[in-house]
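Trainee: I would like to go through this model with you, a few questions at a time.
Mentor: Go ahead, and keep each question to one point.

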Amino acid sequence: MLLSKNSALESKDNEIFEVEESIAIQSELIKTMTTMVNSKAYVNERNQMVPEARCRKQANYHVEQNNKIVDEELSDWESKFFEVDMDDLHELFMAANYLEIESLLNGVTKRVGDFIKACKNVEVIRQTFGINNDFAAQQEEEIRKLNSWNHI
Amino acid sequence: MNPKLMISSAEKIGNNQDLLAQILLRLPAKSLIKFKCVSKQWLSLISNPQFCLSHTRHQGDEGFLHATALLLKVQYIVSPEFDVVPLKHFSQVPFFDYISTSGLNILQSCNGLFVCEALDDDLNVSGYFICNPTTKQFKKLSFLQNPIKDCEFYVSLAFDPLQSPHYKIIVVREVLENSFIFELDIYASESDSWKIATTIFETKEEACMAFEDAVFCNGKLHWNSYGNQSLYLVVEKECLQMMPMPTKLRGNHRLEIYRYFGESGGRLHLAVTYHAFIDLDLYVHQMASDYSHWFLKHRLNVGDAMKVFPELNLGCHPFTSGFSGVSFVGSERKEEAKVVIWADGKIICYDFNDGAWKMMHDPGPGLKIGTPFEGFNHLHEQRFIPYKYFESVYVF
């Protein structure tokens, strides 16, 4: 029976997080950076780039995720976790992308995806995400027509 | 929350190629098609073959793609139109009219790509196309060895985006009229080149091969046959093999009518209809994984279906609506397929998981899906041919 081991992760702002190893290796990046020596885990490189706030959020996410056993509970909790504004979503996104955490990435992208799906049309998407329409009117019309599926 | 801050975060996401790709990867294909006109960056990303392959693969579930819908094509009608039977969410599927041709027949559907033959006004074949209905992308096939007058010429497709981003076209063509001697050509999209006559083989007339009815799964292209044996091609190895077909039933005045050939979850299925006076049986077989034999999964009786759906005219007398168009569709548990049948304007299925007949799609009270061609209401005619449709942004 293995005792749970803790990894020490240092963030960009020099704050040290003690995270259970099984949680730390959910990040593909951290997994590849750690090596096992004499049954103790060493962190070879410090996690320099990720600012504190992100790290904390991520650590919390995993602790909570592991505490939830029932699937239903987990999906309920997950939807609430991701019910944050675009700013936080962006933070989570950057963290999940850099640290390569599949489950976190799935949750965040799904939420942003829901935002997009909620947009009634292409113009609303542009407004929500501040995207500049760089098509000429005729070009846009052509693309729209080619990709419409309306038929009698 | 400062609104200005909020906009800028959203902007960062919307304009960041990597993040955008991650988000769009998880949206359904039909949404992506609509978003092509958002901006040039979005168009470029959604049309990028690498991204499209990733997206297609993301739809895979444990190594298989699940069909979005069935397209029901009326037999003998060469119109680019069809009826849609949704399997997942409601689907609209564009008709084939973007391929400008007088008439069109679907030859085969394969994991998101279709191969079709185009016909001219005199109903002669004027060309062959592969296409992806979701994106309306299509391409005319060109052959090194063209069809010879009065000789058989069959075109099939081998494509599985979960295994490889490339596709292969397999042509089986008779070398001399009525000779039953065939050559097999293979085209590889990866190298854009043909290998001519990789195999030369002879079948006998009594072999009753149905080269027009091909099914690709597990890296092998299989052909239907009404004889005792059939053929399949191990595509990568370009190696032609034989496989048994189920032995015909004898006696009991049972007349074999049709062999419906298909696959689900990587397993070959064959449903054979037997007519005995007023009764109709559907024997559903599944091929063993070593191709040594077919085992009978179930003997379905249309009489049982009639009891479950008394309002449907499932009678198997000649000139009644009866049923048509058998297809095999994976259910949630990918091991067991459902046998899907068009029945008097509704779509019913037999679910092996529950051992029960169910209504799969009912367009509404008094409404019927599909209008079979009036002249062919006989039991022996297959009025509808179902093809699996996979909503996919795949670019070839």
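Trainee: Where in chain B is B:Cys208 placed?
Mentor: The model is a predicted one. B:Cys208 is not part of a strand run here; its place is in the loop between S10 and S11 of chain B.

Trainee: Is B:Cys208 buried, partly exposed or exposed?
Mentor: Buried would need a relative accessible area under 20%, and exposed one over 50%. B:Cys208 has 33%, so the class is partly exposed.

Trainee: What is the phi of B:Cys208?
Mentor: Most residues other than glycine have a negative phi. B:Cys208 is not a glycine, yet its phi is positive, at about 55°.

Trainee: Which residue in the loop between S13 and S14 of chain B has a positive phi?
Mentor: The hairpin of S13(B) and S14(B) has 4 residues between the strands. One residue in that loop is not a glycine and still has a phi near 55°. That residue is B:Glu238.

Trainee: How many bridges pair strand S13 with strand S14 of chain B?
Mentor: S13 covers residues 229-234 and S14 covers residues 239-244. Among the pairs, B:Ser230 has B:Met243 of S14(B) as its bridge partner. The two strands run antiparallel, and the number of bridges is 6.

Trainee: Which residue of S13(B) is the bridge partner of B:His222?
Mentor: Strand S12 of chain B, residues 220-225, is joined to S13(B) by 3 bridges in the antiparallel sense. For B:His222, the partner in S13(B) is B:Tyr232.

Trainee: Which strands stand at the edges of the sheet with the order S11-S12-S13-S14?
Mentor: This is an open sheet of 4 strands in chain B with antiparallel pairing. An edge strand has a single partner strand, so one side of it is left without a neighbour in the sheet. The twist from one strand to the next averages 30°. The edge strands are S11 and S14 of chain B.

Trainee: What is the average twist in the sheet with the order S7-S8-S9-S10?
Mentor: That sheet of chain B is also open, with 4 strands and antiparallel pairing. Its edge strands, each pairing on one side only, are S7 (153-159) and S10 (193-202). From one strand to the next, the twist averages 20°.

Trainee: Which residue of S9(B) stands opposite B:Ile170?
Mentor: Strands S8 (residues 167-174) and S9 (residues 181-188) of chain B pair in the antiparallel sense over 7 bridges. Opposite B:Ile170 in S9(B) stands B:Ile186.

Trainee: How many charged residues are in the lining of the second largest pocket?
Mentor: The second largest pocket holds about 840 Å³ of space. Of its 42 lining residues, the closest to the centre are B:Phe64, B:Leu65, B:Asn111, B:Asp160 and B:Glu263. Elements giving two or more residues to this lining include S7, S8 and strand S15 (255-264) of chain B. By class, the lining has 16 nonpolar and 15 polar residues, and the charged ones number 11.

Trainee: Which residue caps the N-terminal end of H2(B)?
Mentor: Helix H2 of chain B covers residues 17-25, and its buried residues are B:Leu19, B:Leu20, B:Ile23, B:Leu24 and B:Leu25. At the N-terminal end, a side-chain oxygen lies 2.9 Å from the backbone nitrogen of B:Asp18. The residue that supplies this oxygen is B:Asn16.

Notes. Residues numbered from 1 in each chain as written. Chains lettered and ligands numbered in written order. Predicted model: local features only at pLDDT ≥ 70, side-chain atom pairs only at ≥ 80, totals over all residues. Heavy atoms only, no water. Pairing = 2+ DSSP bridges. Axes fitted to C-alpha atoms, helices over the stretch in contact; angles between N-to-C directions. Buried < 20%, exposed > 50% of the residue type's maximum accessible area, 1.4 Å probe, protein only. Polar contact = N/O pair within 3.5 Å; in protein donor to acceptor, adjacent residues only side chain to side chain. 1 Å grid on protein atoms, 1.4 Å probe; cavity = no way out; pocket = protein on both sides within 12 Å on 5 of 7 lines; lining within 4 Å. Points joined across faces, edges and corners; volume = space filled by probe spheres on them. Nonpolar A, V, L, I, M, F, W, Y, C, P; charged D, E, K, R; others polar.
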